[in-house]
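Colleague: I have just opened this one and would like to get my bearings. Could you walk me through it?

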Amino acid sequence: MYSIYHFTLPALMWAMVLWRAPSALGGTRASRFLWGFLAAIAVALTTRPLEVDQVIRTLTGSPDLSVLVKHLAGLASNYCVLEYVIAVHGRGPQRARDTWLRLVAVVAAALALTVLFVFFFEHDPSAPPTRVTDAHLGDPAVRLYESIVYVYLGIATALSAKLFWSNRRSVPAGLLRAGVVCLAGGGAMGFVYTLYRLVFLACQESRPDVPGRGTPDALSEILPVISLLLIVVGVGLPPLRTLVRYVGDQYALWRLHPLWSDLLRAVPSVAFGPCMGRTRDLFVAGDRTLDVAHRAFEIRDACLVLRDRSAATGTERPAQAAGEAPVAGGVPTARAEAEWLFSVLHEEPDACRAAAPPLADSRTPAEEVAWLLKVAAAYGQLPRGGAAQTVRRPVGKEVR
């Protein structure tokens, strides 16, 4: 576990801190506390490598100050995560008095740890820094010190797990809800770790004469790693959801572009967005969800203009020619609309075009985008050569 604790996890946490910094600086109160939680965890993990301990020894002259820094950073992380979950999932408006009480509690705990560490611990310059607590677990000052650390950690993790789990159904299903479940799991695992450590400490005695006595066992090493990884996954899934949506929107714009660009040239009276190439369109930054909706509305507006134009010029053939089977159930298909659009946009001006399929019932924006993606896919499959002969098949026959 040495490499995980001393190198991998600190690097991962600092990467998360840098990644979330922009949203914390210009974001909400909850975003700032989430960033503070990640930063405090990163500081606590960074104190574990021996190289960092040597730097702290050189700068301060204290042989084991890194232990106090780690625990104070842990208290700060507990306070920040509590404020975060209360800001996001708290019940009702928060009173200023409650906010100040939580701040006073964490400051009092930090002062108690500092006083115990400075005035009541045995500091041996020749021993590893963790021996300041591990070798004296039966000492009353050490027991009180550790109890403050783990009681505060237990309260923070239990409340976090409860609030996240109870609010999991209030967020949309998918990656966002999975992230909330992971955060609840991370809090629950932290609470399990706290209970285990309290039992572990209660069973220990001071045995400084026995080499290695007080060294954390394997379970004490594994449980916090699992908790931290669940928290990292929970924090990372909502942005991943945003990335997945961005890629999906870009893919939708790519699929709609051939039909959209043909309509843009054929129906200039419609207020289309700026004309750009299909590849260049992929490099437009920002949220593309609104762009997809706008493009769908532009395509639909252009189709309505073409319907009116075809009806006014009388170039459409009857919706059902003599001896031709009717469209199944009278329900329009994406293939039928694609063939009609292709005939309007690519045939000779005086050719008798296929009749436009009947208009469907009103659709939601999401349903309209999904429908036009099918139309665009069918439109792209129609051959560009000999269009007048190729397209004329029974209108509405779906090709799967």
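Colleague: Let's start with the overall layout: what pattern does the protein follow, read along the sequence?

Modeller: Before anything else, please keep in mind that this is a predicted model. Read along the sequence, the pattern is α-α-α-α-α-α-α-α-α-α-α-α-α, which fits with the count of 13 helices and zero strands in the protein.

Colleague: And how many of the residues count as buried?

Modeller: The protein has 400 residues, and 44% of them count as buried.

Colleague: Let's look at how the helices pack. At what angle do H7 and H8 pack?

Modeller: Helix H7, which covers residues 140-166, packs against helix H8, residues 175-202, at an angle of about 155°, and their axes are 8 Å apart. An angle over 145 degrees counts as roughly antiparallel, and H7 and H8 are therefore described as roughly antiparallel to each other. As for handedness, the crossing of H7 and H8 is left-handed.

Colleague: What about H2 and H4, how do they pack?

Modeller: Helix H2 (residues 29-46) and helix H4 (residues 65-89) pack at an angle of about 160°, with 8 Å between their axes. H2 and H4 are therefore also roughly antiparallel to each other, and their crossing is left-handed.

Colleague: Then there is H9 with H12: what is the angle there?

Modeller: For H9 and helix H12, the latter spanning residues 365-381, the packing angle is about 65° and the axes lie 9 Å apart. That makes H9 roughly perpendicular to H12, because angles of 65 to 115 degrees are counted that way. H9 passes H12 in a left-handed crossing.

Colleague: Changing topic, how many salt bridges does a search of the whole structure find?

Modeller: The search finds 11 salt bridges. A good place to begin is Asp281, which forms a salt bridge with Arg288, where the closest N and O atoms are 3.3 Å apart.

Colleague: Are those two buried or exposed?

Modeller: Asp281 is buried, with a relative accessible area of 3%, and Arg288 also counts as buried, at 2% relative accessibility. The cut-off behind this is that buried means under 20% relative accessible area.

Colleague: Which residue forms a salt bridge with Asp281 at 2.8 Å?

Modeller: That is Arg295, with 2.8 Å between the closest N and O atoms. Arg295 lies in helix H10 (residues 289-313), while Asp281 sits in the loop between helix H9 (218-266) and H10, so the pair ties together parts that are 14 residues apart in sequence. Arg295 counts as buried too, at 8% relative accessibility.

Colleague: And what does Asp291 meet in a salt bridge?

Modeller: The side chain of Asp291 meets that of Arg288, at 2.6 Å from N to O. Asp291 itself is partly exposed, with a relative accessible area of 27%. Through shared partners, the salt bridges join Asp281, Arg288, Asp291 and Arg295 into one network.

Colleague: Back to H9 for a moment: how far apart are Asp249 and Val292 in space?

Modeller: Asp249, whose place is in helix H9, is 6.5 Å from Val292, C-alpha to C-alpha, although the two are 43 residues apart in sequence. At 12% relative accessibility, Asp249 counts as buried.

Colleague: Where does Arg131 lie, then?

Modeller: Arg131 lies in helix H6, which covers residues 131-134. With 18% relative accessibility, Arg131 counts as buried, because the cut-off for that is under 20%. The C-alpha atoms of Arg131 and Asp64 are separated by 8.5 Å, and the two residues are 67 residues apart along the chain.

Colleague: One last topic, the surface: which residues make the nonpolar patch?

Modeller: The patch is made by Trp100, Leu103, Val104, Val107 and Leu111, and its area is about 490 Å². One of these residues, Leu103, is found in helix H5, residues 96-120.

Colleague: How does Leu103 count in terms of accessibility?

Modeller: Leu103 counts as partly exposed, with 30% relative accessibility.

Methods:
Residues numbered from 1 in each chain as written. Predicted model: local features only at pLDDT ≥ 70, side-chain atom pairs only at ≥ 80, totals over all residues. Heavy atoms only, no water. Salt bridge = Lys/Arg side-chain N within 4 Å of Asp/Glu carboxyl O. Buried < 20%, exposed > 50% of the residue type's maximum accessible area, 1.4 Å probe, protein only. Helix = DSSP H or I, 4+ residues; strand = E, 2+ residues; numbered from the N terminus. Patch = residues over 30% accessible without salt bridge, like charges linked within 9 Å, V, L, I, M, F, W, Y side chains within 5 Å. Areas by Shrake-Rupley, 256 points an atom, 1.4 Å probe, with all protein chains shown as cover. Axes fitted to C-alpha atoms, helices over the stretch in contact; angles between N-to-C directions. Parallel < 35°, antiparallel > 145°, perpendicular 65-115°, else oblique. Left-handed = near helix turned anticlockwise from the far one by under 90°.
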